[in-house]
Amino acid sequence: MKNEQILKIEQLKKYFPVGGGFLRRRPGFIKAVDGVDLAIQKGETLGLVGESGCGKSTLGYCILRLEEPTSGHVMFEGRDILACDRTTLQQLRRNMQIIFQDPYASLDPRKTVGRSIGEGFQIHGLLAAGERRDRVKELLEIVGLLPEHYHRYPHEFSGGQRQRVCISRALALNPRLVIADEPVSALDVSIQAQILNLLVSLQNRFQLTYLFISHDLGVVRHICDRIAVMYLGKVVESASAPLLFAGPRHPYTASLLSAVPIADPFRKRTRIRLAGDVPSPVNIPAGCSFHPRCPQVQPICQKEIPALTEIESGRHVACHFPLKKQADL
């Protein structure tokens with residue numbers, strides 16, 4: 001199943017205009033997503049990681065057209081989503097759902113969770129009222145809640161329970177692709193493992209494909225088959241999870257992995273501390289956008305943008321001077 005491609009992204013861009021005003025005479029653009037190429041195979045989990053503000057969530061919203069991309073192509077099962085009219089897009093969205101980061105903000109506080117979960121059936125004209133109620137109660141049980149929770153409101157649940165409600169809502173229409181936008185970052189550590197295990201269980205049960213967006217590399221390592229690393233709107237490295245953690249080849253990936261804690265007091269890891277701050281997305285440096293912070297910058301890095309190139313089987317890196325293979329991190 002994982003040899004069949006379900007989603008392909010080609011040169012996807014999303015630029016947000018920034019006005020002129022008195023202090024900024026010339027308008028500019030925030031390049032939130034800047035020419036991303038990605039592919040997801042059916043049945044796999046692709047992790048998308050990077051610092052806050054690198055464009056991870058915006059990319060997920062562009063895939064679903066919750067944000068309209070500036071340019072590029074998003075092919076879902078061979079159909080370009082960006083070329084679809086409103087009616088066709090609504091039909092496609094039955095097969096593409098999202099789990100938002102904040103489980104409370106993503107639920108309407110004025111609606112019972114039963115109404116929120118069943119809203120998709122109403123929008124798409126599926127199931128009669130009685131069937132819809134029975135199906136929602138079944139979904140609540142699938143995610144570890146009780147049927148009597150149907151009549152409760154979001155404020156009556158804990159954070160972990162609310163995220164279970166959001167997961168059941170995402171599953172309601174039997175989607176094939178689920179975008180999970182940092183689904184455990186707002187939860188207590190003790191609850192995170194429960195939600196992650198639930199997502200894995202549901203993937204196996206319903207043959208789901210995940211795009212898992214996170215800034216937590218420990219979480220990504222646990223749940224993802226492949227990982228793509230973003231920096232300032234671009235993918236700088238992608239590889240299978242074991243290959244990436246066995247030894248990153250991009251300097252930025254190496255710095256991220258060096259910050260992951262090790263649960264072993266006798267094992268040490270050299271922390272790679274990057275110089276400077278992340279450049280403004282309004283004024284991205286020429287050449288490689290990482291070069292102002294890169295510990296191995298060369299003159300060419302300041303002039304030419306490195307292409308995302310396959311440097312070994314299953315690994316793509318956007319760097320003029322990829323790191324050599326190294327010991328397991």
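Let me begin with Arg315, which forms a salt bridge with Glu312, the closest N and O atoms of the two residues being 2.9 Å apart. I should say at once that what we are looking at is a predicted model, and that every value I mention is computed from it. With the cut-off for burial set at under 20% relative accessible area, Arg315 counts as buried at 2% relative accessibility, and Glu312 is buried as well, with a relative accessible area of 18%. The pair does not stand alone, since Glu237, Arg249, Glu312 and Arg315 are linked in a network of salt bridges.

That network belongs to a wider set, for the structure holds 13 salt bridges. As a general reminder, side chains of opposite charge can pair when their charged atoms come close.

Let me turn to a second pair. Glu68 forms a salt bridge with Arg65, and here the closest N and O atoms are 3.0 Å apart. What is the exposure of each partner, buried or partly exposed? Glu68 is partly exposed, with a relative accessible area of 41%, whereas Arg65, at 15% relative accessibility, counts as buried.

The third pair is Arg176 and Glu77, whose side chains meet in a salt bridge at 2.6 Å, N to O. This pair links distant parts of the chain, the two residues being 99 residues apart: Arg176 sits in the loop between helix H5, residues 159-171, and strand E7, residues 177-181, while Glu77 sits in the loop between strand E4, residues 71-76, and strand E5, residues 79-80. In terms of accessibility, Arg176 is partly exposed, with a relative accessible area of 33%, and Glu77, at 35%, also counts as partly exposed.

Now to the pockets. How much space lies in the largest pocket? The figure is about 640 Å³. The largest pocket is lined by 21 residues, and those that lie nearest its centre are Leu66, Arg93, Gln97, Ile98 and Ile123. Looking at the lining by element, those that give two or more residues are helix H2 (86-92), strand E6 (96-99), helix H3 (113-123) and H5. Of these, H3 gives the most to the lining of the largest pocket, with five residues.

As for the chemical character of the lining of the largest pocket, its residues divide into eleven nonpolar, six polar and four charged.

To close, I would set two pictures side by side: the network of salt bridges that links Glu237, Arg249, Glu312 and Arg315, and the largest pocket, with its lining of 21 residues.

Note on methods:
Residues are numbered from 1 along each chain as its sequence is written. This is a predicted model: local features need pLDDT of at least 70, side-chain atom pairs count only at pLDDT 80 or more; totals for chains, interfaces and linings use all residues. Side-chain values use heavy atoms; hydrogens and water are left out. A salt bridge is a side-chain nitrogen of Lys or Arg within 4 Å of a carboxyl oxygen of Asp or Glu. Buried means under 20% relative accessible area, exposed over 50%, partly exposed in between (1.4 Å probe, protein chains only). Helices (H or I, at least four residues) and strands (E, at least two) are DSSP runs, numbered from the N terminus. On a 1 Å grid over the protein atoms alone, a cavity is a set of points where a 1.4 Å probe fits but cannot get out, and a pocket is an open set with protein on both sides within 12 Å along at least five of seven lines; lining residues have an atom within 4 Å of a point. Grid points are joined across faces, edges and corners, and a volume is the space filled by probe spheres set on the points. Ala, Val, Leu, Ile, Met, Phe, Trp, Tyr, Cys and Pro count as nonpolar, Asp, Glu, Lys and Arg as charged, and the others, Gly among them, as polar.
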